[in-house]
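Hi everyone, thanks for making time for this. Please have the structure open in front of you, and I'll walk you through it piece by piece.

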Amino acid sequence: MNVPEVFLRKGLTKTFEKFMHRPQTTQQKGPYNATVESNILRSGKFGRLTLRLEGTAAQVFRVAKPGQFAQFDVSNLRIPPAELIPDELVNSAKRNVILRRPLSLAGISDIADAEAVLLDILYCIVGPGSLRLSTAEKGDRISLIGPLGRGFFVPAGKKLALLVAGGMGAPPLQHLAGYLREKHKNIEVLAFAGAKTITDLPYFDIDISKVSDKPDFSIREFSRYAVKSLPATDDGSAGFKGFVTECMRKWLDANKIKPSDAIIYACGPELMLKAAADLATDYGIDCQVSLEQNMACGTGLCQSCAVKCCCPNGEKIYKLCCKDGPVFDSREVVWE
Ligand SMILES: Cc1cc2nc3c(=O)[nH]c(=O)nc-3n(C[C@H](O)[C@H](O)[C@H](O)COP(=O)(O)OP(=O)(O)OC[C@H]3O[C@@H](n4cnc5c(N)ncnc54)[C@H](O)[C@@H]3O)c2cc1C
Ligand code: FES
């Protein structure tokens with residue numbers, strides 16, 4: 001499709017304009033020190049880190065929006081003993097991790113009777129930084145900068161939010177599920193959770209015996225907010241067999257919804273985001289995507305995270321994923 005045409009579809013231009021002018025967080029972004037409350041590993045591949053923030057950091061992160069992220073300094077964390085290093089990371093494990101690592105906020109909760117918040121982070125061990133994160137223990141201190149970027153935006157009048165998570169795209173969508181349940185109770189929420197295979201589904205509380213080909217409460221990360229989910233795996237080892245976007249397409253075909261009532265929120269690998277954007281165009285549904293670019297500074301200084309975007313007049317410009325995103329309207333991104 002000719003890109004500017006996408007902007008001209010009826011009824012969508014207004015929400016797009018509002019999206020473009022969504023506010024940025026203006027609070028201090030740190031650096032802050034967080035204290036590790038717990039760090040749980042699952043199958044040596046995924047970690048769920050809970051951090052305690054106090055004082056100004058707690059005030060600032062308490063109001064962080066789903067889709068925002070933080071930059072973590074993991075350089076002072078330990079390297080695991082040799083026997084715990086996955087084979088594919090043996091060569092890179094000892095590499096210096098000078099740059100901070102961007103991670104999304106998967107959830108924020110208040111601690112009763114304390115001026116503190118708990119921050120949930122979900123990570124996948126893919127390199128030296130995330131490997132070090134896996135060694136963090138209760139009481140360890142981790143420096144973080146944030147909340148950074150612009151998160152998801154909820155346009156007025158929406159009645160249905162379809163969350164599409166591909167692999168490690170899950171964390172910001174879990175946060176969004178909780179946020180919608182708390183702040184937009186009138187919006188029905190349904191999550192599509194995809195991965196290559198069952199063991200790549202990055203959920204800690206998934207009851208495979210409950211998984212069916214219908215929306216169910218099998219993924220507790222969503223069901224704790226009374227949000228149903230539909231898992232999908234490329235090989236059919238859990239839930240729908242095929243890409244998560246195909247699962248959503250099938251659901252849209254079976255459930256006649258009013259497109260202007262709905263919005264798609266997607267996070268995951270770029271190919272999946274492009275498929276979600278195409279699907280949104282086909283069905284005439286608003287769609288926001290959270291992009292993952294390699295980042296250095298995370299604050300708009302180094303220009304390393306450029307995203308090619310298209311303006312409504314057809315002009316192509318570069319925006320910064322860390323500052324203008326990571327959440328973009330799907331029509332804005334030039335998918336290549
Ligand atoms: C805004 C944002 C939010 C993110 N949120 C999460 C999250 O919640 N949980 C999580 O596990 N990961 C998240 N990531 C990805 C995470 O930042 C990287 O996995 C991490 O920095 C890898 O660091 P490392 O030192 O372990 O591996 P590295 O050695 O830095 O990288 C290992 C491999 O992963 C690839 N890689 C690194 N960063 C990215 C990236 N951003 N996108 C695609 N491939 C990458 C590298 O090319 C390399 O092949 C997020 C990234 C961004 C930009
Ligand atoms: S990461 Fe430096 S400008 Fe975006």
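Let's begin with the two domains: their centres, taken over C-alpha atoms, are 25 Å apart. Before going on, please keep in mind that this is a predicted model. The domain assignment gives domain 1 as 3-20 + 151-290, and domain 2 as 32-148. So you can see that domain 1 is listed as two segments.

How many residues does the contact take from each domain? It takes 15 residues from domain 1 and 15 residues from domain 2. On the domain 1 side, helix 5, residues 170-183, gives the largest share, with 8 residues. What about the classes on that side of domain 1, the one touching domain 2? There are 9 nonpolar and 6 polar residues, and no charged residues.

Now over to the ligand. Ligand 1 is surrounded by 21 residues, and the closest are Arg101, Ser104, Gly127, Gly129 and Ser130. Which elements supply at least two residues each to the shell around ligand 1? They are strand 4 (101-104), strand 6 (116-124) and helix 4 (128-133). Strand 4 has the largest share, with 4 residues. Sorted by class, the shell around ligand 1 holds 13 nonpolar, 6 polar and 2 charged residues.

Next, the sheet. Here we have an open sheet of 7 strands in the order 11-10-9-8-12-13-16, and the pairing is mixed. Strand 11 (240-241) and strand 16 (327-329) are at the edges with a single partner strand each, so one side of each has no neighbour in the sheet.

Look inside that order for a moment. Strand 8, residues 160-166, pairs with strand 9, residues 188-195, in the parallel sense, over 7 bridges. Within strand 9, Gly194 is the residue that stands opposite Gly166.

There is also a helix to find here. Helix 8, residues 270-283, lies across strand 8, strand 12 (262-267) and strand 13 (286-290). Relative to strand 13, helix 8 runs at about 170 degrees.

Last stop, a hairpin. Strand 14 (residues 306-310) and strand 15 (residues 316-320) pair in the antiparallel sense, with 5 bridges. If you'd like a pair to click on, Cys309 has Ile317 in strand 15 as its bridge partner. The hairpin has 5 residues between the strands, and Gly314 takes a positive phi near 95 degrees there.

That's my tour, and I'm happy to go back to any part of it.

How values were computed:
Residues are numbered from 1 along each chain as its sequence is written. Chains are lettered from A and ligands numbered from 1 in the order in which they are written. This is a predicted model: local features need pLDDT of at least 70, side-chain atom pairs count only at pLDDT 80 or more; totals for chains, interfaces and linings use all residues. A residue is near a molecule or strand if its C-beta atom, placed from the backbone, lies within 6 Å of it. Ala, Val, Leu, Ile, Met, Phe, Trp, Tyr, Cys and Pro count as nonpolar, Asp, Glu, Lys and Arg as charged, and the others, Gly among them, as polar. Domain bounds come from an automatic or database domain assignment. Two residues are in contact if their C-beta atoms, placed from the backbone, lie within 7 Å. Two strands pair if DSSP finds at least two bridges between them. Axes are lines fitted to C-alpha atoms, for helices over the stretch in contact, and angles run from 0 to 180 degrees between N-to-C directions.
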